Amino acid sequence: MGAQPDPYQQFLDYMNAKGGRILEIEFYQEQFGERFESNGTFIYSGKRYYTFDALDQRITFNNGEITTINKVGKQVVYDQAIPGEVTIFDILTGTNKSLQTGEALLEKNGFRIPFTLLDWEMHGTIRTIPDSGKPKEIILKTGENSEIWIKIISVESVKGRDVATIDLTEYEIIDLRE
């Protein structure tokens, strides 16, 4: 019997499947007693290109450029990622070099993979399904009174599905790129 594959590597291999992944997610953020909730679609098209699309907003990361579309306020903000800045989506993509995983634990409901973001003094957990690496949830503790939690409702291949285009002709444009 051969060695078991590393559960975090299985997770990365699953996410980086050719063609990308579409995840229906529930996103929760709690900070200083305030709770923010959102449901939406996370379209992962590669390590440097992904989109989160919800009813009220769309956020796209494309090779360091961030486009935020406020669908309610009809506003588009173009910005650049700050070098070294980390997002919850960096954990999904495996692009953050300061992410260090701990020993994965096989529990009743799958693998629990602890991780630490060394440069940011943050830690969290990725829960995956054994054998496939398919994610179930990601929790990131960003401080004493702050937590981000992503529950993955479903995952499918991107094949044949495109992100709907939003007509931005009536939108206010704010360009913060340098």
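Strands here are DSSP runs of at least two residues, numbered from the N terminus, and two of them pair if DSSP finds at least two bridges between them. With that in hand, the hairpin of this predicted model is easy to follow. Strands E1 and E2 form a hairpin with two residues between them, and Phe32, which lies in the turn, has a positive phi of about 50°. E1 covers residues 21–31 and E2 residues 34–46; the two run antiparallel and are joined by 11 bridges. Within this ladder, Phe27 of the hairpin stands opposite Ser38 in E2.

E1 has a further partner in E12, a strand made of residues 146–157. This pairing is also antiparallel, with 11 bridges, and Glu24 has Ser154 of E12 as its bridge partner.

It helps to place these strands in the wider chain. The protein chain has two helices and 13 strands, and 38% of its 178 residues count as buried. Among contacts between residues at least 6 apart in sequence, 44% join residues at least 24 apart. The accessible surface comes to about 10,700 Å², with carbon and sulfur atoms accounting for 48% of that area.

Aromatic side chains offer a pleasant route through the structure, which holds eight aromatic pairs. One of them is the stacked pair of Tyr28 and Trp149, with ring centres 4.7 Å apart and 25° between the planes. This pair links distant parts of the chain, as Tyr28 belongs to E1 and Trp149 to E12, 121 residues apart. Tyr28 is buried, at a relative accessible area of 14%, whereas Trp149 is partly exposed, at 23%. The rings of Phe42 and Tyr50 have their planes at 45° and their centres 5.7 Å apart, so this pair is tilted. Phe42 counts as buried at 0% relative accessibility, and Tyr50 counts as buried at 4%. Both residues belong to one aromatic cluster, formed by Phe42, Tyr44, Tyr50 and Phe61. A ring also meets a charge in this model: the charged end of Arg21 sits over the ring of Tyr14, 3.8 Å from its centre.

Helix H1, spanning residues 7–15, includes Pro7. Pro7 has a relative accessible area of 10%; burial means a value under 20%, so Pro7 is buried. Beyond its neighbours within four places in sequence, Pro7 is in contact with Ala104, Phe111 and Ile113. Of these contacts, Ala104 lies 97 residues from Pro7 in sequence, yet the two C-alpha atoms are 6.7 Å apart in space.

Technical notes: Residues numbered from 1 in each chain as written. Predicted model: local features only at pLDDT ≥ 70, side-chain atom pairs only at ≥ 80, totals over all residues. Heavy atoms only, no water. Helix = DSSP H or I, 4+ residues; strand = E, 2+ residues; numbered from the N terminus. Buried < 20%, exposed > 50% of the residue type's maximum accessible area, 1.4 Å probe, protein only. Contact = heavy atoms within 4.5 Å. Areas by Shrake-Rupley, 256 points an atom, 1.4 Å probe, with all protein chains shown as cover. Phe/Tyr/Trp six-rings, centres within 6.5 Å; stacked < 30°, edge-to-face > 60°. Lys NZ or Arg CZ within 6 Å of the ring centre and 35° of its normal.
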